[in-house]
Amino acid sequence: MTTSYDAVAYPGFAFPRTHPGNLAAMAILHGHNPEPVENCRVLEIGCGEGANLIPMAYAIPGGRFTGFDLARLPIERGQQRIDELGLTNLRLFEADILNVGLNVGPELGQFDYIIAHGIYAWVPEPVRNRLMALCAELLAPNGVAFFSYNALPGCHMRRIARDAMLFRTEGIADAEERVAIGVEFLQFLHKARGVDDAYSKLLLGQYDYLSEREPHATIHDELGEFYHPVTFLEFVGHARSQGLDYLCEAALPPPDDPGYRSEVQAALEETAGPDPLRQEQALDYVRARIFRETLLTHAVTDSGSERILDPNPAYLPHLLFASVATSSPGAAPHSTRFTLSTGAHTDINHPAAVAVLRALEAAWPLALSLDELCQQTAGSGFASDETGLRLILRLVISQLVELRAWNAPAVRVISTQPRASASARQEARRRARTSSLLHTTVMLDKPRLRPLLDLLDGTRDRNALADALQAVFPDEPRHELVEEIESDLQFLARTGLLEA
Ligand SMILES: C[S@@+](CC[C@H](N)C(=O)[O-])C[C@H]1O[C@@H](n2cnc3c(N)ncnc32)[C@H](O)[C@@H]1O
């Protein structure tokens with residue numbers, strides 16, 4: 001079958017928060033006991049061309065991966081990539097959610113991790129219902145399912161923009177043209193309104209947001225045929241109706257979330273009652289939440305077991321820790337500045353926190369266990385006791401430390417004949433971004449970075465790399481190419497593109 005998704009050619013990306021390593025880490029932090037990542041069974045429902053699954057399957061050779069999608073062309077494209085890479089642990093097939101498990105793929109078996117990204121809120125009701133039921137059927141007893149969906153109340157505001165754009169673009173067939181004209185219409189409405197009231201601000205906010213976005217995302221999210229945002233409690237109610245239950249989100253709330261503020265916390269019980277899920281819903285009204293990435297498990301049947309909604313530092317010893325932050329002198333004496341790749345920075349003068357972050361900086365892109373962290377911070381005052389675990393959780397909440405349940409096959413030290421992930425090299429031949437072994441998207445905007453990446457098949461040393469690049473760029477002075485290769489290799493190692 002050819003669908004509208006064939007026409008849109010949704011490119012797909014590696015979504016770090018859907019990776020089993022992240023799903024397992026968040027599940028463990030909330031008291032669940034998921035299957036180890038190294039030999040996980042993963043299903044992605046609505047996998048497109050497998051842009052999310054292919055780098056996962058490549059980086060976890062002991063795992064088994066399955067994906068299906070309604071659209072034929074993306075599945076064909078994905079299959080070509082799989083054949084080219086020789087991946088034997090990933091199977092893609094064309095199917096409709098409405099038929100899978102009933103008369104298509106009844107042999108699928110069960111999965112430790114199920115990913116339903118960008119589907120739930122964008123399909124008609126029968127598909128949404130079957131999606132939830134299918135997930136309950138195919139999820140292994142300790143399995144974790146990831147659902148992303150548009151949420152309320154934030155999407156009430158987005159719906160105003162959607163309605164206006166749909167009105168303006170009626171009858172226009174070309175998808176990118178619809179986005180351009182629709183977004184421009186929002187700006188027109190804002191200007192034409194002429195008064196600085198709440199409606200005008202809303203239009204401007206939606207215009208600013210959508211004009212920065214990649215068109216394919218707007219085509220899918222705002223201009224798609226189906227648009228069904230739900231409240232958090234509606235979503236959990238739907239999951240519970242199928243024997244599933246809420247576990248946690250795929251990421252902790254950001255450091256400025258109102259849920260961390262003591263006066264908000266104090267008011268939550270009064271506002272929403274003792275049920276932590278109702279409290280979470282109350283917070284969504286504070287946050288004007290627009291999107292959620294929720295993890296579900298099978299409902300806990302043992303009446304003695306309580307779901308833990310808050311992350312529990314007592315589970316941190318079962319996890320690994322990493323930090324991309326780089327250190328430099330802080331503004332105040334005796335403080336150290338830690339800067340994230342976004343440019344955000346924090347000055348810290350707490351000796352144990354500084355020691356932890358410096359140890360993780362030295363290990364990046366790899367993660368350290370708690371024991372390794374203790375060894376490498378000896379004498380700093382850091383210990384794996386309650387205080388130390390609380391300190392790590394604070395660093396995680398402040399986004400300086402990442403939690404992992406698995407160490408990616410990336411390298412910290414660049415070898416004499418560096419080799420980049422074959423899956424990343426293949427992706428970079430098609431576009432100016434690629435997926436790393438850490439399952440992040442890496443932009444490859446620098447002009448000679450893509451040709452260099454393509455050469456990194458592990459057969460060339462620095463000289464051979466310079467020779468090969470010189471053949472492509474004959475006018476470049478050799479010493480400049482040599483210097484550039486060195487700094488580009490550092491970049492590729494830091495972004496998790498070089499493999500062991
Ligand atoms: C936004 S895309 C997400 C693709 C992929 N999950 C990703 O994140 O890159 C939504 C996908 O769901 C698929 N889809 C929509 N309805 C479906 C159905 N009834 N059965 C199977 N796939 C469906 C579409 O074809 C599309 O590829």
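This report describes the nonpolar cores, one helix and several backbone features of a predicted model. Residues are numbered from 1 along each chain as its sequence is written. In this predicted model, local features need pLDDT of at least 70 and side-chain atom pairs count only at pLDDT 80 or more, while totals for chains, interfaces and linings use all residues.

The largest nonpolar core (buried Ala, Val, Leu, Ile, Met, Phe, Trp, Tyr and Cys residues joined through C-beta atoms within 7 Å) holds 118 residues. A residue is buried if 20 or more other C-beta atoms, placed from the backbone, lie within 10 Å of its own, exposed if 12 or fewer, and partly exposed in between. Helix α2 (residues 20-29) gives the most to this core, with seven residues. Among the residues with the most contacts inside the core is Ala145; leaving aside residues up to four places away in sequence, Ala145 touches Ile114, Ala116, Cys135, Leu139, Leu295 and Leu296 (C-beta atoms within 7 Å). A second, separate core of 10 residues includes Ala161, Met165, Val179 and Ile219.

Helices (H or I, at least four residues) and strands (E, at least two) are DSSP runs numbered from the N terminus. The buried residues of α13 are Ala353, Val354, Val356, Leu357, Ala359 and Leu360.

Two peptide bonds are cis, one from Leu152 to Pro153 and one from Trp364 to Pro365. Pro153 is found in the loop between β5 (139-150) and α6 (154-168), and Pro365 in the loop between α13 and β12 (368-369).

Two histidines have positive phi:

| Residue | Phi | Loop | C-beta atoms within 10 Å |
|---|---|---|---|
| His334 | near 65° | between β9 (326-329) and β10 (336-339) | 9, exposed |
| His439 | about 65° | between β14 (433-435) and β15 (441-443) | 23, buried |

Methods
Contact = placed C-beta atoms within 7 Å.
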